[in-house]
Protein chains: 2
Amino acid sequence: MTSSTFSLRRAEPGDAEVILRFIRELASYEREPDAVETSAETLRSQLASPEPPFECWLAWRGAEPLGFALFFQNYSTWRGRTGIYLEDLYVTPEARGHGIGKALLRKVAALAVERSAGRLEWAVLDWNQPAIDFYRSLGAVPMHDWTVFRLTADALERCARAHD
Amino acid sequence: MTSSTFSLRRAEPGDAEVILRFIRELASYEREPDAVETSAETLRSQLASPEPPFECWLAWRGAEPLGFALFFQNYSTWRGRTGIYLEDLYVTPEARGHGIGKALLRKVAALAVERSAGRLEWAVLDWNQPAIDFYRSLGAVPMHDWTVFRLTADALERCARAHD
C-alpha cells in the first residue's frame with residue numbers, strides 16, 4: 001500500500017459508527033478499554049449539530065476506513081489567537097507503516113495554517129515511544145514542565161457547590 | 001478583605017485592557033515576560049465577536065480588578081461530551097490570600113456543571129508548588145503520564161506543506 005492508495009475526507013454524521021470503533025480501539029491501545037462512555041448516536045448527533053464540538057477527518061482505502069484525526073479549537077492568551085487541539089489520532093494496526101498517520105497529522109496541520117491557528121497541540125502517553133519519536137521527527141516540542149490537572153465527577157460538583 | 005468584599009462578573013469588550021494587564025502579569029509570574037504577543041485591541045474584538053474564542057470572568061473590589069479566569073470549551077471522545085479548559089487563572093499579588101482564586105475556580109467549576117461539561121482541566125507549571133497544593137486540595141488530579149506536544153511556527157508550516 002502506498003500513500004496514493006488512501007484518501008482523506010471530513011467525517012459526516014453517517015461516519016459515527018466508524019469513529020466510535022476507532023475511539024474504542026484507541027482506548028484499548030491506551031490501556032483504558034473500559035473508559036469509552038460515548039455512543040454512535042451521541043457522535044452522530046454532535047456531527048449533525050449546527051456547531052459540532054469537534055471536527056473529524058477519516059482516512060479510507062476505498063470503502064475501508066483506516067484511521068482518524070479528531071480535533072477542536074483552543075486558544076492561547078499569549079498569542080491572542082486560536083489554535084487546534086488534536087484529541088485523537090489513530091490508524092488501525094493493519095494499516096500502519098504506510099504514512100497514513102502522518103497524512104492525517106499533516107492534514108490537521110494544513111487546516112491549522114489555513115485557519116491562521118498557527119499552533120497545533122496534543123497529548124501523548126509517556127510510554128508511547130513510537131508516537132513520541134514520530135512527533136519529534138515532525139518538529140513537535142514536548143511541554144515537559146507542564147502537567148495537566150483535571151477536576152471531574154464528585155470533586156467537580158463539590159468545587160462548584162462549595163462556598164467559603 | 002473578606003470574600004464578601006469582592007464580586008465576580010463576566011468580562012466584556014471594555015475589559016480588554018484589564019485582561020491584557022493580567023495576561024502580562026501572569027506571563028511574568030510564569031517566567032515568560034516577553035511571550036505575550038496579543039493586544040488589547042485583539043482581545044476587545046474577540047470579546048465583541050458573535051462567537052468569542054474564549055470566555056473570561058473577572059474579580060473586582062469596587063472599580064479595582066483583582067484577578068481573572070479565562071477558559072474555552074474542549075471535548076472528550078471517551079466521554080462524548082464537552083468540557084472546559086481553563087487557560088489562565090490569576091490573582092494580583094496584593095489581592096492574594098483572600099479566596100479570590102478559589103472563588104474564580106469555583107465559578108468556572110459551576111459553569112462546567114451548569115453546562116453539563118462534567119470536566120474541568122488546566123495545565124500547571126511543575127515548579128509552581130503553591131498552585132499544585134491548591135489544586136490538589138480541591139480534588140484535582142494530575143495527569144502525570146501524559147505530555148503535551150506542540151507544533152508551531154516553521155515546524156507547523158513545514159508539516160502542513162510536506163508531501164510524501
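**Close-up 1. An open sheet of seven strands that draws on chains A and B.** In this predicted model, seven strands line up in the order E1(A)-E2(A)-E3(A)-E4(A)-E5(A)-E7(B)-E6(A), with mixed pairing, to make an open sheet. Look for the edges at strand E1 (7-10) and strand E6 (141-142) of chain A: each has a single partner strand, so one side of each has no neighbour in the sheet.

**Close-up 2. Strands E3 and E4 of chain A, and a helix on the sheet.** Strand E3 (residues 64-76) and strand E4 (residues 81-91) of chain A run antiparallel and are joined by ten bridges. You can pick out one pair here: Ser76(A) has Arg81(A) in E4(A) as its bridge partner. Helix H3 (residues 100-114) of chain A packs on the sheet, where it touches E1, strand E2 (55-61), E3, E4 and strand E5 (119-125) of chain A. The direction of helix H3 makes about 165 degrees with that of E4(A).

**Close-up 3. The sheet that takes E7 from chain A.** Here the order is E1(B)-E2(B)-E3(B)-E4(B)-E5(B)-E7(A)-E6(B), again an open sheet of seven strands with mixed pairing. Strand E1 (7-10) and E6 of chain B are the edge strands, and each pairs on one side only.

**Close-up 4. Where E7 of chain A meets E6 of chain B.** Strand E7 (residues 146-152) of chain A and strand E6 (residues 141-142) of chain B run antiparallel, with two bridges between them. Follow the residues across: Arg150(A) faces Val141(B), and Phe149(A) stands opposite Pro142(B).

**Close-up 5. Helix H5 of each chain.** Helix H5 (residues 153-161) of chain A lies across E7 of chain A and strand E5 (119-125) of chain B, at about 80 degrees to E7(A). Helix H5 (residues 153-161) of chain B lies across E5 of chain A and strand E7 (146-152) of chain B, at about 80 degrees to E7(B).

**Close-up 6. The interface between chain B and chain A.** How many residues does each chain bring to the contact? Chain B gives 72 residues and chain A gives 71 residues. The area buried between them is about 6700 Å², and carbon and sulfur atoms give 59% of that. In chain B, the residues that lose the most area to chain A are Trp78(B), Phe149(B) and Arg150(B), together 15% of what that side buries.

**Close-up 7. Polar and charged links across the interface.** Two salt bridges cross between chain B and chain A. Arg150(B) forms a salt bridge with Glu121(A), with the closest N and O atoms 2.7 Å apart. There are also 28 residue pairs in polar contact across the interface. The side of chain B that touches chain A has 37 nonpolar, 17 polar and 18 charged residues.

Methods:
Residues are numbered from 1 along each chain as its sequence is written. Chains are lettered from A and ligands numbered from 1 in the order in which they are written. This is a predicted model: local features need pLDDT of at least 70, side-chain atom pairs count only at pLDDT 80 or more; totals for chains, interfaces and linings use all residues. Side-chain values use heavy atoms; hydrogens and water are left out. Contact means heavy atoms within 4.5 Å. Buried area is the accessible area (1.4 Å probe) that two parts lose on being put together, summed over both. A salt bridge is a side-chain nitrogen of Lys or Arg within 4 Å of a carboxyl oxygen of Asp or Glu. A polar contact is a pair of N or O atoms within 3.5 Å; within protein, one must be able to donate a hydrogen and the other to accept it, and residues adjacent in sequence count only if both atoms are side-chain atoms. Ala, Val, Leu, Ile, Met, Phe, Trp, Tyr, Cys and Pro count as nonpolar, Asp, Glu, Lys and Arg as charged, and the others, Gly among them, as polar. Two strands pair if DSSP finds at least two bridges between them. Helices (H or I, at least four residues) and strands (E, at least two) are DSSP runs, numbered from the N terminus. Axes are lines fitted to C-alpha atoms, for helices over the stretch in contact, and angles run from 0 to 180 degrees between N-to-C directions.
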